[in-house]
Amino acid sequence: MSYATRMAASVTRTEQVYEVIRSELLNGVLHPGQKLRMVEFTERFGVSQSVIREALTRLTEQDLLVAAPQRGFRVRDLSIEDIAELTETRIQIESLALRLAVERGDLQWETEILAAHHRLERTPVTRDDGTVSEDWSCHHRDFHQALLTGCGNRRLESVANSLRDSAELYRRWYWVLTDDHQRDLAREHRQLKELALARDADQAIEVLTEHIDRAPSLLIAYAREHGVDDLAPPTSHDRA
């Protein structure tokens, strides 16, 4: 096997390992603060430690894991303070971007919102096993990005997108840990689409604020009730 072929195979395996661990992180299989053992992953995936380390390092760069010298990797802790600060910042930044988008957005902006919302509305939120669909998650991100693209400020968009990505792990933990599955997300997204297209910035921002704040508020309430040092997702028996 040539060097190029071996390198391509290594990249493919790293990507596969990365995708599996990322999915487990985002769907609550790996819980807050859990230590990740390299040996267990190498045995499980049948790959070298370098492949595992590369995948875990990539997840650390996305703020899903924490790496400590001589102590390896662990899942990010569930921090009430961090959730509150991140949510406050997201609301301020996304509200500003949405207001500018409503003022500056053109026909192309409106078209992109309609297309993104159509894809989102036609995609089921969960899989058969109750976990969040990755397709829905991607369309959800695309819809919120489409709302803000009309702001005409790429730096502002970049900050908003980065903050939203940082909130993804908390958003998934909210889905796994809290009992809010009767929430009408489709209605919330429909309202955001209609208000943005109607150029009603004040009402759109009010709906967006409630939309952003609901998940972290419930997650914080859960953390305060159960304690942040000993959290794990409910088992299938608990859910039943």
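Beyond its neighbours within four places in sequence, I21 is in contact with five residues that make a good entry point to this predicted model: L30, F41, F45, L56 and L59. One of these partners, L56, shares a distinction with I21, as these two residues touch the most other members of the largest nonpolar core. That core comprises 66 residues, and its main contributor is helix α10, spanning residues 201-226, which supplies eleven of them. As general background, nonpolar side chains tend to be buried together in soluble globular proteins.

Helix α10 also takes part in a helix pair. Its partner is α4, which covers residues 80-104. A packed pair of helices is described by the angle between the two axes and by the distance between them. For α4 and α10, the angle is about 170° and the axes lie 9 Å apart. Because angles over 145 degrees count as roughly antiparallel, α4 and α10 are assigned to that class. Sorted by residue class, the contact of α4 with α10 holds 15 nonpolar residues, together with six charged and three polar ones.

Turning to the strands, three of them form an open sheet in the order β1-β3-β2, with antiparallel pairing. The edges are taken by β1 (35-36) and β2 (65-68), each of which pairs on one side only. Strand β3, made up of residues 72-75, runs antiparallel to β2, and four bridges join the two. Within this pairing, L65 stands opposite V75 of β3.

Note on methods: Residues are numbered from 1 along each chain as its sequence is written. This is a predicted model: local features need pLDDT of at least 70, side-chain atom pairs count only at pLDDT 80 or more; totals for chains, interfaces and linings use all residues. Side-chain values use heavy atoms; hydrogens and water are left out. A nonpolar core is a set of buried Ala, Val, Leu, Ile, Met, Phe, Trp, Tyr and Cys residues joined through side-chain atoms within 4.5 Å. Buried means under 20% relative accessible area, exposed over 50%, partly exposed in between (1.4 Å probe, protein chains only). Contact means heavy atoms within 4.5 Å. Two strands pair if DSSP finds at least two bridges between them. Axes are lines fitted to C-alpha atoms, for helices over the stretch in contact, and angles run from 0 to 180 degrees between N-to-C directions. Angles under 35 degrees count as roughly parallel, over 145 as roughly antiparallel, 65 to 115 as roughly perpendicular and the rest as oblique. Ala, Val, Leu, Ile, Met, Phe, Trp, Tyr, Cys and Pro count as nonpolar, Asp, Glu, Lys and Arg as charged, and the others, Gly among them, as polar.
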